[in-house]
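Subject: Structure handover

Hi,

Here is the structure for you to look through. Please open it beside this email and follow along.

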Amino acid sequence: MRILVVEDEAIVGRDIQASLANCGHTVKHVLRSGEAALEHLDNEDLPELVVMDVGLAGTMDGIETGVAIRERHSVPVLFLSAMSDEATLERAKQAGAYGYLLKPFNEQELHSMVEVAAARHASEQKLKATSARHLGTLTSIANAVIATDLIGRVTFLNPAAEAITGWTATEAQGRYVHEVFKISFSSGEAVSVGDDPVGGSRSVLLTTREGALLPVEDNTTPLRDSEGSLCGLVILFRLRSEDPDADPTTSALDTNTGDELTPWAQLAGMVTGIADPIIAVDPQWKITYVNEPAGDLLRKPRRELFSAWFWDQFPKSAHSRYYQRLHQALVRKEPVEFDLHLDALARWFQARCYPFANGMLILLTDITARKTADEQKSKIEKLESLGYLARGFAHDFNNLLTVLLGNLSIAGMRAPDDAPYRAEIDEAKRATLQAQTLVQQLLVFAKGGAPIRRRTDIGAFVEQWFKGHQRRKNISYKLDLDDNTGFAEVDPEQCRRVLSNLIANSEQSIGESGSIKVKVRRINSAESSNSDDLIDGPWVEWTFTDDGHGISPADLPQVFEPYFTTRQSANASGIGLTVCESIVKAHNGRITVKSEPGKGTQVTVRLPAMIPVVDATESAKPDTAAAPLKQPDTPEPPRPAASPAPRRVLILEDERLIRQLLAMNLTTGGYQVVATEEGSEAVAAFRDAYGTDTPFDLFITDLTIPEGMGGAQAMEQILAIDPEVRAIVSSGYSDDPVMARFMDYGFSAVLPKPYEPRQLLELVEEVLGSR
């Protein structure tokens with residue numbers, strides 16, 4: 001698609017442009033104000049979509065600009081904003097927004113919203129074109145056309161129908177069709193609209209408004225909505241040459257009584273073939289008509305239902321829940337529409353109630369599938385809302401964990417080896433890391449982000465995870481590690497979630513006792529029994545095997561579907577395997593499940609492995625927080641000679657405790673530190689030192705500064721001063737796109753919070769020692 005981006009923050013605009021380009025879209029222009037956007041649209045080729053921030057430079061905000069774009073050019077607009085208040089959302093809705101995406105968002109969320117907006121616009125344009133074409137056809141067609149609603153009230157007459165019946169469209173609107181289209185056979189046999197066979201036509205006499213008799217041929221077709229439910233009738237008719245032998249009557253008569261055809265008889269002719277249940281009642285709630293589907297629904301022969309009391313056919317609970325709504329249609333003569341649930345059938349119906357004659361007509365449409373889908377959608381929306389909450393919570397919580405972990409690490413370094421409290425310090429550190437894992441689980445609801453990959457010793461990583469896992473007493477755990485599992489570029493935090501979810505699934509599938517075996521090995525695609533979907537190259541394979549109750553063949557194809565679960569407990573969310581699949585695919589890996597009822601389950605995860613080119617004795621820490629600065633086949637560069645003066649580090653961090661901890665750790669490591677708490681302050685300090693004898697050797701920045709210039713914006717300005725600057729970005733928002741693609745923003749490395757002082761110093765030394 002051709003997309004125009006309107007965003008006043010230059011770096012954010014470029015990021016949106018890059019994200020859309022990654023999804024295959026074309027973004028030639030990124031504009032900063034509403035005025036610029038309108039001028040561009042007035043003078044250039046129109047884009048297919050406008051992606052626009054609500055807060056813009058200039059006098060017009062994004063919503064005002066969106067209204068102007070809709071009025072001038074009918075181009076769909078997708079709004080972006082950090083504001084989620086009801087007033088702003090209502091303004092966006094009134095402006096005809098095709099989507100509203102809250103900041104911060106990731107690339108997948110943006111891509112999905114763009115696709116939805118584009119599909120909606122295309123559907124609306126198609127509907128408009130179709131409606132205009134159909135209306136033009138019906139208006140200009142030579143045959144007469146009358147359309148009715150469900151209970152036979154006229155909703156449309158074309159000019160040909162007006163000329164034949166003598167009724168204008170305005171006069172006929174809302175009248176029952178048997179008033180406007182009075183028909184009878186020439187023999188005097190009773191006839192009503194809808195009696196003609198489907199697809200056939202018949203010859204009848206039409207009594208016009210003035211009382212004249214006209215011979216016509218008519219054909220009636222059911223009118224259905226987009227979901228297939230009956231919503232009315234379309235009658236097509238035309239004048240025919242009068243039969244010289246015809247003996248027309250002046251009105252439609254019932255052959256049995258000689259009386260004029262009643263509304264109920266007219267109704268019967270119209271609805272006999274309708275697939276939805278229809279019930280008609282009189283003012284005393286006695287059933288006067290049921291069609292066959294209604295008889296099937298109530299599980300009684302139709303003849304037994306005539307004259308029966310309506311409420312006797314339903315449970316007493318239905319009377320208490322729905323009487324008032326039905327009473328409104330019956331007594332007040334007002335159409336009523338609502339959803340009702342029949343507990344005995346476990347089915348939902350949409351009840352549409354219409355006053356008809358002196359009683360009421362009830363149409364029941366089965367909406368069980370739609371209700372189920374709506375409940376699923378509501379559940380997803382609630383979890384997405386929880387995701388936004390979780391994301392903000394995770395940022396603040398990770399900041400606190402950074403302070404806790406940092407001080408615990410310092411306390412551990414200062415404590416003597418034989419200190420009696422050393423074990424407690426180590427235990428507190430482990431608990432802090434487990435808390436970090438819980439935070440990552442919360443971020444699942446925020447849809448996560450691209451993996452922050454680090455060079456990780458897979459065997460050591462899995463082994464360390466198992467050491468910290470709290471095991472159930474009645475389960476036997478076995479870990480089988482090959483000696484040569486090697487390294488892989490993975491996100492350790494996301495991989496912890498995979499391990500946690502898969503082990504938790506196995507534990508929950510085991511009854512009173514059982515076993516769980518985890519095997520970790522290095523394979524080539526040819527060694528796998530199902531290698532057809534694997535590309536060539538080494539893989540790290542995790543196999544999780546348990547002897548639990550297993551999964552049925554019917555359920556097995558659905559295990560990766562969101563919110564599918566066979567567990568009945570209240571905390572069964574049905575997202576565990578969905579999360580695992582999402583993470584594994586984000587790592588370009590594969591995950592498969594094999595299971596048989598009563599024989600247990602085996603889950604296999606395969607992740608691309610790194611080709612070993614380093615010395616076999618090299619040992620990398622599985623949890624190192626630094627993203628790799630070089631490929632593994634790049635030889636280690638020689639370390640530069642120690643500078644006679646201490647290296648200078650500039651810090652940007654708004655949290656006072658973290659800022660103090662950073663300064664203390666770096667000073668202890670022999671660095672000279674200048675700490676700032678807002679982006680413009682950091683830029684000014686860097687500019688003042690640049691070109692002097694004491695420039696900064698390294699810039700370490702937090703990503704998010706709530707009340708001021710953030711790390712990404714500060715980095716953009718610092719790069720303009722020194723394109724060769726070395727910088728590390730850190731954040732509690734570990735799923736932020738900047739963290740995943742830090743090099744695109746000019747950073748040398750990434751440091752997710754929380755982290756230990758050791759990890760900080762190792763990364764600083766690596767960045768300053770790299771080429």
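Start at Val51: its bridge partner in strand S4 is Leu78. This is a predicted model, so please keep that in mind throughout. Val51's pairing belongs to a wider link, as 4 bridges join strand S3 (residues 49–53) to S4. S3 and S4 run parallel. How does the chain cross from S3 to S4? The path goes through helix H3 (residues 62–73), and this β-α-β crossover is right-handed.

Now look at S4 itself. Is it buried or exposed? Strand S4 covers residues 77–81, and 5 of its 5 residues are buried, so S4 is largely enclosed by the rest of the structure. In a regular strand, side chains alternate between the two faces of the sheet. In S4, Val77, Phe79 and Ser81 point one way. Leu78 and Leu80 point the other way. Residues on both sides are buried.

Next, move on to strand S5 (residues 100–102). S4 and S5 pair in the parallel sense over 3 bridges. Ser81 stands opposite Leu102 in S5. Helix H4 (residues 86–94) joins S4 and S5 in a β-α-β unit, and that unit is right-handed.

Step back to the whole sheet. In which order do the strands lie? The order is S2-S1-S3-S4-S5. These 5 strands form an open sheet, and the pairing is parallel. The edge strands are S2 (30–31) and S5, each of which pairs on one side only.

At the S2 end, the partner is strand S1 (residues 3–6). S1 and S2 pair in the parallel sense over 2 bridges. Val5 has Val30 in S2 as its bridge partner. Which helix packs on the sheet here, touching S1, S2, S3 and S4? Helix H1 does, with residues 10–22. The direction of H1 makes about 160 degrees with that of S1.

Last, a pair of helices. Helix H15 (residues 458–468) packs against helix H16 (residues 492–509) at an angle of about 55 degrees. Their axes are 11 Å apart. Because of that angle, H15 is oblique to H16. The crossing of H15 past H16 is right-handed. Which residues make the contact? From H15 come Phe461, Trp465 and Phe466. From H16 come Pro492, Cys495, Arg496, Leu499, Ser500 and Ile503.

Best wishes

Technical notes. Residues numbered from 1 in each chain as written. Predicted model: local features only at pLDDT ≥ 70, side-chain atom pairs only at ≥ 80, totals over all residues. Heavy atoms only, no water. Buried < 20%, exposed > 50% of the residue type's maximum accessible area, 1.4 Å probe, protein only. Pairing = 2+ DSSP bridges. Right-handed = clockwise from strand over helix to strand, strands pointing away. Axes fitted to C-alpha atoms, helices over the stretch in contact; angles between N-to-C directions. Parallel < 35°, antiparallel > 145°, perpendicular 65-115°, else oblique. Left-handed = near helix turned anticlockwise from the far one by under 90°. Contact = heavy atoms within 4.5 Å.
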